[in-house]
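Hi everyone, thanks for coming. Please have the model open while I talk.

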Amino acid sequence: MLHHVSVGVRDVARAAQFYDAVLATLGYKRVMEFMPYGIGYGDTHPQFWVQLPNDRNPSSVGNGVHIGLMARSKEAIHAFHRAALGAGGANEGDPGPRPDYGPTYYGAFVRDLDGNKLEACLVPKEAVAKRAAPKRKKAKRAKAKGKRRGAKRRGKAK
């Protein structure tokens, strides 16, 4: 659904030092830059932007907003957390299970140098597939039920 996400910072070069170190732990790299205005990170195209606000006003963080970044392993989450704290970020939640988010959810939370809240998370693919499966079955049942209702209206139901 999302094409990209951006966070505002006061100084892109300063933020780049933080994000280069932190995002590398999750396998992401700097893939585009427009210095001194912004840097795009991702695998092959920019999905996460660190930039000066477009209106040139000071950046601010949203209350309740955070960016969740997919990790490939629990070790990567621990490395993300260590790198963020080592680069001057603040701890917002040590690495560990998050049973409130699901039985297999694992994550860590930090704040960058400008106060933006970031999360590294790991959700096994099987857990995502299991959660999505009931919705697909329900949608199929609803579609079949709609076809039966249409047949009844046309006088073709048995």
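I'll walk through a strand, a helix and a pocket.

First, some ground rules: this is a predicted model, where local features need pLDDT of at least 70 and side-chain atom pairs count only at pLDDT 80 or more, while totals for chains, interfaces and linings use all residues. Residues are numbered from 1 along each chain as its sequence is written, and side-chain values use heavy atoms, leaving out hydrogens and water.

Let's begin with strand β5, residues 67-70. Strands (E, at least two residues) and helices (H or I, at least four) are DSSP runs, numbered from the N terminus. Which side chains of β5 are buried? I67 and L69 are, and they point to one face, whereas G68 and M70 point to the other and are not buried. Buried means under 20% relative accessible area, with a 1.4 Å probe and protein chains only.

β5 runs parallel to strand β8 (residues 117-122), and four bridges join them. L69 has A120 as its bridge partner there.

Now find helix α2, residues 74-86. Among its buried residues are A76, F80 and H81. The buried residues of α2 pack against α1, β5, β6, β7 and β8, where contact means heavy atoms within 4.5 Å. After α2 comes G88, with a positive phi near 100°.

And β5 comes back once more, at the largest pocket. Of the 15 residues lining that pocket, Y28, Q47, F48, G68 and L69 lie nearest its centre. β5 gives the most to this lining: four residues. For the record, a pocket is an open set of points on a 1 Å grid over the protein atoms alone, where a 1.4 Å probe fits, with protein on both sides within 12 Å along at least five of seven lines; lining residues have an atom within 4 Å of a point.

Notes: Buried means under 20% relative accessible area, exposed over 50%, partly exposed in between (1.4 Å probe, protein chains only). Two strands pair if DSSP finds at least two bridges between them. The expected span of a helix is 1.5 Å times one less than its number of residues.
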